[in-house]
Amino acid sequence: MHGHDLSPATLAVSAGRPDRVPGGPLNAPITMASALVPGGGSEYGRAGNPTWDSFEAVLGALEGGRALAFSSGVAASGALFDLVPAKSIVVAPRHAYYGTIEQLVERNRRDQIDLRLVDIHDTQQVLAALEGAALVWIESPTNPALEVADIETIARAAAEAGAVVAVDNTFATPLRQRPLDLGADFVVHSASKLLAGHSDLILGAVVTNDDRAFTAIEKRRSVLGAIPGAMETWLATRGVRTLHVRLERAEANARELHERLSAAPQVTRSRYPGFGTMIAFEVEGGAAVAQKMTEQSEIITYATSLGGVESTWERRRRHAGEPESVPEGLIRFSVGIEDVDDLWADIQNVLAACS
Ligand SMILES: *Cc1c(COP(=O)(O)O)cnc(C)c1O
C-alpha cells in the first residue's frame, strides 16, 4: 500500500490498531480474560492477550523487530539472562541500570555466569573483553552516567567472537536509536519510562528479529509468568502514540537546560549525550547541596524514575545499590515537557537557596 517506509511518527500513531471493521473500535480494547476461545493463538491468559498484541505490534514496528511485553523491564532482562547457557561469560557496563547489575552480580555469585564489567563507552576495553563471551549487554546511554556506546562496532566484533548482543534502549527509545539496525540481536526496554511516558505503570519488553529466540523468550515469559497486565499494555500503547511529540519537546528542553546548567557558576559538571531527555549534573558543595536542592524544587518533582511528561530529579547515590563510581552528588534529571523557562526559574531558585 505504501510506496515508502513509514516514518517513526506515523508508525507510533498507526501501528498496532485493530482491523478497520464497521462499528469496530479504533483502539485495541482492554481485554480482561484469563481464558480465550480455543482455535485462535493463545487459550490461556498467561500465554497471550489481544491487548498485549497491540503494544507489541507498535513497539516492534518502531524497533524493526518482533516485540514481547513483560511485567517490567527487569522481568524482560531476567528472561533473557535465563537463556544464557550455564557458566557463560557475560560482558556488561559497569554503570548499567542497577537492577540489571543486581541480577548479573547475583548470577555471578551463584556461579551461573562469569561476569565481566566494562566501561561501555570505551570501545577498545569492550572489544578486549569479548573473547569467549556468550552475551554482551549494552546500555546506551547508561543510567545514570549517560555514557554512550558504539553499538555498531561492538555488535560487529561480538558477532565475530560468537557472542549475542542485547541493548537496553530505554533512554534512547527507537526514535533515536534502533539497535537491531546496528547489528544487535535483542533490544530490551523498560516501557515504564519514555515509551509509556506518564509515570503511571511498570512494563518491560524484549524485541528481536530472530524467530527462534523470539519463541524461546515467549516461552520463558509464560513459564515464569512474567506477564504484563492488560491495563498496563493498553496505557503504554496510548503513551507510544505521542512518543515522538513528547520526545521532541522534552529533548529541546533538555538541550537548553544542559547549556544553561553548564554555564551556571554553581554547577561543576553537566552531562548530556546530545540526544534524549536525561541530564546528569553535579554542583559545588556535592552531596549535601544536591540532596537539599532536589528536595526543595517546586516544579521539578523530587522522585526516582524518569521519562514522564513531568520533570523529576534525584541524587542517585541516595540509593544504596548505586555503584561508588557514580559521584555522591550526581543529580539525575529527567526533563519533562513543561515550559523551559519555568523549569529554569525553578532550578535557579534552588541553586541560589542551597549553594
Ligand atoms: C528503569 C530501568 C530499567 C528497569 O525497568 P523496570 O520497568 O523498572 O523493571 C531497566 N533499564 C533502564 C535503563 C531503566 O531506566
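The following exchange concerns the interface of domain 1 and domain 2 in a predicted model.

Trainee: How do you know where domain 1 and domain 2 begin and end in the protein chain?

Mentor: The domain assignment of the chain places domain 1 at 3-240 and domain 2 at 243-354, and the C-alpha centres of domain 1 and domain 2 lie 27 Å apart.

Trainee: What makes a residue part of the contact, and how many residues does each domain give?

Mentor: A residue counts when its heavy atoms come within 4.5 Å of the other domain; the contact takes 28 residues from domain 1 and 27 residues from domain 2.

Trainee: What is the area buried between domain 1 and domain 2, and which residues of domain 1 supply 25% of its part?

Mentor: The buried area is about 2,400 Å², with carbon and sulfur atoms giving 66% of it, while P144, R176 and L194 supply 25% of what domain 1 buries against domain 2, more than any other three residues.

Trainee: Why is the pair of E251 and R176 called a salt bridge?

Mentor: The closest N and O atoms of E251 and R176 are 2.8 Å apart, and the limit is 4 Å between a side-chain nitrogen of Lys or Arg and a carboxyl oxygen of Asp or Glu, so the pair qualifies. Across the interface of domain 1 and domain 2 the rule finds one salt bridge, together with ten residue pairs in polar contact.

Trainee: Which elements give two or more residues to the side of domain 1 that touches domain 2?

Mentor: These are α1 (8-14) and α8 (230-240), and the largest share, three residues, comes from α1. The residues on this side of domain 1 divide into 16 nonpolar, nine polar and three charged.

Note on methods. Residues are numbered from 1 along each chain as its sequence is written. This is a predicted model: local features need pLDDT of at least 70, side-chain atom pairs count only at pLDDT 80 or more; totals for chains, interfaces and linings use all residues. Side-chain values use heavy atoms; hydrogens and water are left out. Domain bounds come from an automatic or database domain assignment. Buried area is the accessible area (1.4 Å probe) that two parts lose on being put together, summed over both. A polar contact is a pair of N or O atoms within 3.5 Å; within protein, one must be able to donate a hydrogen and the other to accept it, and residues adjacent in sequence count only if both atoms are side-chain atoms. Helices (H or I, at least four residues) and strands (E, at least two) are DSSP runs, numbered from the N terminus. Ala, Val, Leu, Ile, Met, Phe, Trp, Tyr, Cys and Pro count as nonpolar, Asp, Glu, Lys and Arg as charged, and the others, Gly among them, as polar.
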